[in-house]
Amino acid sequence: MAECAGGVCVVTVGSGLERHGLTVSSMTSVSLSPPTLLFCLNRQSSAWPLLERTRCFAVNVLAVHHSVVADRFAGRLDRRGADRFEGADWRTLQTGAPVLSDAVAVFDCMVEQIVEQYSHFVVFGRVCASLASSNPCGPLLYWRRNYRELFHPSAARNDADSLRYALDWQ
């Protein structure tokens, strides 16, 4: 699975002091009409009871500069619960779930269906509200167990190293 590149997202649930979040790379669009997405959640996740009770969540598509946010919500920086939200600017949209102000995109969702599959829940969410950033920086990616940045050859400088780098990616 390390060969499957994916966008890095933070899924948030709850509000105020009773909020939680987790880093996922398993979010995908399901339908445009009605706007629906899904993400996968381990059954042992500490966010599960809150999601089950509130039945709403937000998906925050992280930007390249959000690797610390991704680590914090992945549990790598020894932060728990609402403490994971410190150090970033959060707000709410329609459902009240926290959304990251400078995310590449955010999707505020109501749980539509949850499918139990082996060690995980597949959570389907109907998008109630969304925002896209005007920030030109790209999304944070995860590939081969490391964060990556989307590279576009037209953004490369016109020197030999950049040209060689661009050719390696084509």
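Reader: Which residues line the second largest pocket?

Author: This is a predicted model; local features need pLDDT of at least 70 and side-chain atom pairs 80 or more, while totals for chains, interfaces and linings use all residues. Residues are numbered from 1 along each chain as its sequence is written, and side-chain values use heavy atoms, without hydrogens or water. A pocket is an open set of points on a 1 Å grid over the protein atoms alone, where a 1.4 Å probe fits, with protein on both sides within 12 Å along at least five of seven lines; lining residues have an atom within 4 Å of a point. For the second largest pocket these are Met1, Ala2, Cys4, Ala5, Gly6, Ser25, Tyr142, Trp143, Arg144 and Arg145.

Reader: What is the volume of the second largest pocket?

Author: Volume here is the space filled by probe spheres set on the points. For comparison, the largest pocket has about 400 Å³. The second largest has about 300 Å³.

Reader: Which element gives the largest share of the lining of the largest pocket?

Author: The largest pocket has 22 lining residues; Leu22, Thr23, Val24, Ser25 and Ala74 lie nearest its centre. Elements giving two or more residues are β3 (18-24), β5 (35-42) and α2 (67-73). Here helices (H or I, at least four residues) and strands (E, at least two) are DSSP runs, numbered from the N terminus. The largest share, 5 residues, comes from β3.

Reader: In what order do the strands of the 7-stranded open sheet stand?

Author: Two strands pair if DSSP finds at least two bridges between them. Pairing in this sheet is antiparallel. Its edge strands are β3 and β4 (28-32), each paired on one side only. The order is β3-β2-β6-β9-β10-β5-β4.

Reader: Which residue in the hairpin of β2 and β3 takes a positive phi?

Author: Strand β2 covers residues 9-15 and pairs with β3 in the antiparallel sense over 7 bridges. Ser15 has Glu18 as its bridge partner in β3. There are 2 residues between the strands. The one with a positive phi, near 55°, is Gly16.

Reader: Which residue of β9 stands opposite Cys56?

Author: Strands β6 (residues 56-61) and β9 (residues 105-117) run antiparallel. They are joined by 6 bridges. Across from Cys56 stands Met110.

Reader: Which strands are the edges of the 3-stranded sheet?

Author: The sheet is open, with antiparallel pairing. Its order is β1-β11-β12. The strands that pair on one side only are β1 (6-7) and β12 (146-149).

Reader: What is the bridge partner of Tyr142 in β12?

Author: Strand β11 (residues 140-143) pairs with β12 over 4 bridges, in the antiparallel sense. One of its residues, Leu141, is partnered with Arg148. The partner of Tyr142 is Tyr147.

Reader: Which turn residue between β11 and β12 has a positive phi?

Author: The two strands form a hairpin with 2 residues between them. The positive phi is about 55°. The lining of the second largest pocket includes this turn residue. It is Arg144.

Reader: Where does pLDDT stay under 50?

Author: pLDDT is the predictor's confidence in each residue, from 0 to 100. The chain has a mean of 89, with 88% of its residues at 70 or more. Where pLDDT is low, the predicted coordinates should not be read in detail. The stretch under 50 is residues 156-170.

Technical notes: Contact means heavy atoms within 4.5 Å.
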